[in-house]
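Visitor: Hey, can you walk me through this one? I'm new to reading structures.
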Amino acid sequence: MTPKHEKQEFVTVLVRDPRIQKEDSWHSHINYEIFIHTNSMCFTRKTSCVRRRFREFVWLRQRLQKNAVLLQLPELPSKTPFFNMNNPHHVDHRRQGLQEFLEKILQNALLLSDSRLHLFLQTQLSPEDIEACVSGQTKYSVADAIHKFASLKRRFPIEEEERKRGKNDADSDSESSSSGLGHTSDDSISHRCKASTVPEES
């Protein structure tokens with residue numbers, strides 16, 4: 001039996017807030033917010049929030065599968081030529097599929113040992129920069145990259161909007177305060193399981 005004083009590890013992942021990003025006059029894509037909250041020692045940051053597009057999920061699955069050839073990885077939602085980013089049902093169906101994919105990935109200890117997964121979930125590095133980082137071609141380590149991203153992004157998008165709204169209300173002489181997400185400070189958490197200690201495969 002697990003002693004009562006031992007906290008059971010958990011990883012909560014949410015894929016949410018799909019947004020259309022215009023690339024040029026002819027091309028657009030949707031990216032999704034990935035929110036992580038965990039007490040797992042395998043994560044450098046206990047709370048994080050990044051944005052990723054569908055093709056980056058495709059890249060992640062390919063890389064994870066290459067490094068874990070004996071595992072049958074969960075499937076991503078199918079890519080169909082009939083996908084319409086202006087159709088809320090299509091977008092939400094894909095969002096749900098992406099969340100289910102990550103939920104299953106995060107239940108596997110072997111996949112959790114892959115540094116690419118941590119950089120995908122807790123930094124905004126491109127797939128090319130992630131590959132460079134895990135293969136030792138950058139001046140920063142995996143943990144450095146995650147901490148640097150967190151220091152540049154103290155607030156999550158929703159929290160930042162709340163803060164700005166509160167500031168605007170205050171400027172107009174109405175009493176208001178920024179509520180934000182109310183998360184605890186990650187800096188006070190002892191990071192005993194750094195991502196840099198995860199085997200980095202070239």
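Guide: Sure! One term to start with: pLDDT is the predictor's confidence in each residue, from 0 to 100. You'll want it here, as this is a predicted model.

Visitor: OK, what does the protein chain average for pLDDT?
Guide: The average pLDDT of the protein chain is 79, and 72% of the residues score at least 70.

Visitor: And where is confidence lowest and highest?
Guide: The lowest is in helix H7, residues 157-171, with a mean of 49. The highest is in H4, at 98.

Visitor: Which residues have a pLDDT that stays under 50?
Guide: Residues 155-160 are one such stretch, and there the model has 16 contacts beyond four places in sequence. Residues 169-202 also stay under 50, with 55 contacts of that kind in the model.

Visitor: Let's go to H4, then. How do H1 and H4 cross?
Guide: H1 covers residues 54-67 and H4 covers residues 115-122; their axes come within 10 Å and cross at roughly 165°. That angle makes H1 roughly antiparallel to H4. The crossing of H1 and H4 is left-handed, too.

Visitor: Which residues of H1 and H4 meet?
Guide: From H1 you have Glu-56, Phe-57, Trp-59, Leu-60, Arg-63, Leu-64 and Asn-67, and they meet Arg-116, Leu-117 and Phe-120 in H4. Sorted by class, this contact of H1 with H4 has 6 nonpolar, 1 polar and 3 charged residues.

Visitor: Cool. What about H4 and H6, at what angle do they pack?
Guide: H4 packs with helix H6, residues 142-152, at about 10°, and their axes are 10 Å apart. Angles under 35 degrees count as roughly parallel, so H4 is roughly parallel to H6.

Visitor: Who makes the contact there?
Guide: On the H4 side, Ser-115, His-118, Leu-119 and Gln-122; on the H6 side, Val-142, Ala-145, Ile-146 and Phe-149. By class, the contact of H4 with H6 has 5 nonpolar residues, 3 polar and no charged.

Visitor: New topic: how many salt bridges are there?
Guide: The count comes to 10 salt bridges. The general idea is that side chains of opposite charge can pair when their charged atoms come close.

Visitor: Which residue forms a salt bridge with Glu-33, and how far apart are the closest N and O atoms?
Guide: Arg-16 does, and the closest N and O atoms of that pair are 2.4 Å apart. Glu-33 sits in strand S2, residues 28-38, and Arg-16 in strand S1, residues 11-22, so this pair ties together parts that are 17 residues apart in sequence.

Conventions
Residues numbered from 1 in each chain as written. Predicted model: local features only at pLDDT ≥ 70, side-chain atom pairs only at ≥ 80, totals over all residues. Heavy atoms only, no water. Axes fitted to C-alpha atoms, helices over the stretch in contact; angles between N-to-C directions. Helix = DSSP H or I, 4+ residues; strand = E, 2+ residues; numbered from the N terminus. Parallel < 35°, antiparallel > 145°, perpendicular 65-115°, else oblique. Left-handed = near helix turned anticlockwise from the far one by under 90°. Contact = heavy atoms within 4.5 Å. Nonpolar A, V, L, I, M, F, W, Y, C, P; charged D, E, K, R; others polar. Salt bridge = Lys/Arg side-chain N within 4 Å of Asp/Glu carboxyl O.
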